[in-house]
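The exercises below are meant for a reader who is meeting this structure for the first time. Work through each task with the structure in view before turning to its solution.

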Amino acid sequence: MTPRPLLLVALLGAAFTTSAFAESDLETINRIRNEGLYHSQVMTMLQHLTDRIGPRLTGSPEMQQASAWTVEQLKAWGLSNVHLEGFDFGRGWSYDNAHAQLLHPRKAPLMGLPVAWTPGSNGVIEGDVVFVDAVTEAELEKYRGKIAGKIVLLSEPEDIGEPNSEIFERYSSDDLGKMKSLDLKSPASHAHEAPDSIAQNRKRLAFREAVGAFLKQENAKAALYRSSRDGGLIRVFGHDHRAGKTFPVPALILSSEHYQLLQRLVEKGETPRVALDINARFHDEDTKSYNTIAEIPGTDKNPEIVMIGAHLDSWHASSGGVDNAAGVAVTMEAMRILKKLDVKPKRTIRIGLWSGEEQGLYGSRAYVEQHLATRPNPTDPAERDLTPWYWNSPGWPITKKPDYDRFSVYFNMDNGSGKFRGIYTEGNVAVKPLFSEWFSPQSDLSEGTINTNTTDGTDHESFDDVGLPGFQFLQDPLDYMPRLHHTHVDSFDHVLPDDMRQAAVVMATFVYEAAMAESRVPRKPMPTAPSELEQQQEQEKAKKRQRDKERKALSELPK
Ligand SMILES: [Zn+2]
């Protein structure tokens, strides 16, 4: 080896380091920090969204109110092109209150909240409780003629047992260190994910539909489900929101302890009697739901686009503090900071506040489809009949729209209110030097861990799925999963202001740097349809996972 190439490498390295910041004006980073850390409005926004507007279920009047408020707010700051973009969703639904009471064999209040998209009770209804022990349509038949006028228990009973997770967690430097390596078992991209659960999901959803039809035919009065968290936490979900598919009888999710009480009474041969009063309704005036879009226009001729976003919708159990008013407030705050500093970005900086995330990334998928790229729906009609959340065979090929080539990057926030300890790159290693540079002035605020693995379950996926750079930050987990995720206590109280300010500063820095960078954020190779061999391998893997699951179930049988 001659010294010559080495020298060249060193020179290139130096050139790269200086050029990464050449056009970004490091002084702007100081100004972002000053505004975001010491003149923050992030908690004021959060409080309005949670305490004043409240739950924001997709399609509900509260969600409409929230959308209108975001438009008003973004306009008031002077952002450009502020508007709502509609997409087809389905029925709206809302509720005011729900009461449940045990009447027999003793009197006691029961804590519960309605399943979204189930009808109200039209006043107080009373009935004896029956456990419908069925997981197949054949098993349902055993209850024919036996549930008229009854209130049915539909969840599998389950022992609560020992608590097995920490309530609150921050990543240690050790945890973060481990996240720097590629996990070869994690999928390379969302577009290629082929979960083995499709058949199971389809079975489960078809069965849910069959249960609804059965309860209706048999004149059952109402259905009760068990919360999937214990300790009194009511963790909600929704039935199908599409017209013609909604669940036909009133349904409540009871706290785990209260559900199990009814279950045990039934097992002991008692006939518990319960009264319910659920004030809920459907809204069919508007079957669309809406994303909020606004921007700071780029100064380049025909500017490229950089984007940040978060989902504005929430579940109905609580005011959706960490899921995801936190993400909305941080993302809006990042826009506010940049507008306040009157930055003149080369690329257009755009914000997207999505709706319908909780039901299957509807809003961000619709945005991508309307502006960036389309792909055919699944060819299997049975799969197409599921909500998109359960589509596991996205169609090929991906067809680009005009903005596809002008699009640089999307940054998302939706993993609770924990501060940004780094970022996931979804298998894209070409972004590592850029992201490290962008984190470096903030190294006193964030370790800037670059995790090259994928992370899923939220709106950056919609971009990654069509081969565009879409990223979710790596956030401290805090008490998101154990206590708050979709539960009735996800409120303003659990959002930590210091973490929120930190996240807003990092978000604003990243989108500003992306808007000023010399070139577009590098992409992964365009996703293509999996080969026959890859499909075969996926099926093999799925079979093995299923076998392991069954083996595990066997070993857990009582000895
Ligand atoms: Zn969320």
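**Exercise 1. Confidence in the model**

Over which residues does pLDDT stay under 50, and how many contacts beyond four places in sequence does the model have for them?

*Solution.* Begin with the fact that the model is predicted, and then look at the whole protein, which averages a pLDDT of 91, with 92% of the residues scoring at least 70. Next, turn to residues 1–22, where pLDDT stays under 50 and for which the model has 11 contacts beyond four places in sequence.

**Exercise 2. The cavities**

Find how many cavities of 30 Å³ or more the structure holds, and describe the lining of the largest cavity by residue class.

*Solution.* A search of the whole structure gives 3 cavities that reach 30 Å³ or more. The largest cavity encloses about 50 Å³ of space, and the residues that line it include Glu-426, Asp-464, Phe-471, Arg-523 and Lys-524. Sorting its lining by class gives 3 nonpolar, 3 polar and 4 charged residues.

As a further step, treat the second largest cavity likewise: its volume is about 40 Å³, and among its lining residues are Trp-315, His-316, Asp-323, His-486 and Asp-490. Here the classes come to 2 nonpolar, 6 polar and 2 charged residues.

**Exercise 3. Ser-491**

Decide whether Ser-491 is buried or exposed, and find which residues it contacts beyond its neighbours within four places in sequence.

*Solution.* First place the residue: Ser-491 sits in the loop that runs between α14 (480–484) and α15 (497–516). Its relative accessibility is 18%, and because buried means under 20%, Ser-491 counts as buried. Then consider its side chain, which is joined to the side chain of Asp-493 by a polar contact of 2.5 Å. Once the neighbours within four places in sequence are set aside, Ser-491 is in contact with Ser-319 and Gly-321.

**Exercise 4. Leu-361**

Work out where Leu-361 lies, whether it is buried or exposed, and what it touches beyond four places in sequence.

*Solution.* Leu-361 belongs to the loop between β12 (348–354) and α10 (362–371). With a relative accessible area of 1%, this residue is under the 20% cut-off and is therefore buried. Looking further along the chain, Gly-457 is 96 residues away from Leu-361, yet the C-alpha atoms of the two are separated by 8.4 Å. Gly-457 is also one of the residues that Leu-361 touches beyond four places in sequence, a list that further includes Gly-356, Trp-389, Thr-458, Asp-459, Glu-461 and Ser-462.

Key. Residues numbered from 1 in each chain as written. Predicted model: local features only at pLDDT ≥ 70, side-chain atom pairs only at ≥ 80, totals over all residues. Heavy atoms only, no water. 1 Å grid on protein atoms, 1.4 Å probe; cavity = no way out; pocket = protein on both sides within 12 Å on 5 of 7 lines; lining within 4 Å. Points joined across faces, edges and corners; volume = space filled by probe spheres on them. Nonpolar A, V, L, I, M, F, W, Y, C, P; charged D, E, K, R; others polar. Helix = DSSP H or I, 4+ residues; strand = E, 2+ residues; numbered from the N terminus. Buried < 20%, exposed > 50% of the residue type's maximum accessible area, 1.4 Å probe, protein only. Polar contact = N/O pair within 3.5 Å; in protein donor to acceptor, adjacent residues only side chain to side chain. Contact = heavy atoms within 4.5 Å. pLDDT = per-residue confidence, 0-100.
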